[in-house]
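Let's take a friendly walk through a structure, starting with a small sheet and ending with its pockets. Have your viewer ready.

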Amino acid sequence: MHLHLLFPSLLLLPFVSGQNAPSSSKRGLVYVPNPKHMSDDSIWTTESSDLTWYYNYESKPSPAFSNSKLQFVPMLWGASTTFLADVTSQIKSGANITYVLSMNEPDGGGNTGGSAIPAETAAETWQREIEPLKKLGVKLGAPSVTGAPSGKVWLQNFFNACKGNCSADFIPVHWYGNFEGLASHVGEVRAAYQNLTMWVTEYANNNVDLKESQVFYNQSSQFFDRIDYITHYSYFGSFRSSVSNVGPNAAMLTEKGKLTDIGSWYLGRSATGNKPRGAAGRNTIFTGSTITVLLASIWSLM
């Protein structure tokens, strides 16, 4: 790697207040429906929205986005026996299914949304329900483990149990915590799976104050957009702050369903000034820490 060529491409320019945030074709939606406020769904599909794809933890698309530009990415959440049939049926009906995700946090427990599947069971399920989609031209996502050490061990056990019969095309990553931890985790995953591209399918700095949450969002989005092997990312926050399980300040909507600064930035727009319930009320920051993002980007590319 030639650092003298890399540095100019990673320089971060200050963001001017009132100007639209940088756009990115990598951004997608982690869809978390709110039955009490279904009208919130339309926020993510406006003409000016920056989003290009979505997933909903299920094998079938959400009716809310049936007429939208968002490409649906099915997920095999647990040890399903119908996933292959569901996805194959959609493809035969003309749906544009080019990627699938698998096993949501299998190393985690049900209390945190994990599917809690033994690696051996997951390997058997993959070979039956996921691997055949390869012949249909679908790119296959490895199981989406947590960012904890248990995730690394589980994924190693999974591939060992596959015995070479699970041909993943990309590695999904989940992370909850600060930016330095995220950058380090991305680097570790990349070192372990250098031949695969990466999707960051859940991430946020949970349960922190508003300023810290905003700085994290902007550092991470700039980081992802500068790393070639990260092809897709989806921020975990497409819900109202009043129902957020990662803290109100991480949410992309206020308790009244208005876009927060993070939500608006994520869609490629300018800051709204709308503060989520429980926010500390500090001034927003877009550029984050230039040096931190720069060094993290360089380290992850090495």
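What follows covers a sheet and two pockets in this predicted model.

## A three-stranded sheet

The strands of this open sheet run in the order E1-E2-E3, and their pairing is parallel. Strand E1 (28-30) and strand E3 (71-72) are at the edges with a single partner strand each, so one side of each has no neighbour in the sheet.

If you zoom in on E1 and strand E2 (residues 53-55), you will find them joined in the parallel sense over 3 bridges. Here Leu-29 sits opposite Tyr-54 in E2.

## The largest pocket

Next, the pockets. The largest pocket holds about 470 Å³ of space, and 22 residues line it. If you want to centre your view, Tyr-57, Thr-112, Glu-202, Phe-236 and Asn-245 are the lining residues nearest the pocket's centre.

How many residues of this lining are nonpolar, polar and charged? The lining of the largest pocket is made up of 9 nonpolar, 10 polar and 3 charged residues.

## The second largest pocket

The second largest pocket offers about 250 Å³ of space. Its lining counts 18 residues, with Gly-151, Lys-152, His-185, Val-189 and Tyr-193 nearest the centre. By class, that lining splits into 10 nonpolar, 6 polar and 2 charged residues.

Which element gives the largest share of this lining? Helix H4 does, with 5 residues. At least two lining residues come from each of helix H4 (149-162), strand E7 (170-176) and helix H5 (179-192).

Technical notes. Residues numbered from 1 in each chain as written. Predicted model: local features only at pLDDT ≥ 70, side-chain atom pairs only at ≥ 80, totals over all residues. Heavy atoms only, no water. Pairing = 2+ DSSP bridges. Helix = DSSP H or I, 4+ residues; strand = E, 2+ residues; numbered from the N terminus. 1 Å grid on protein atoms, 1.4 Å probe; cavity = no way out; pocket = protein on both sides within 12 Å on 5 of 7 lines; lining within 4 Å. Points joined across faces, edges and corners; volume = space filled by probe spheres on them. Nonpolar A, V, L, I, M, F, W, Y, C, P; charged D, E, K, R; others polar.
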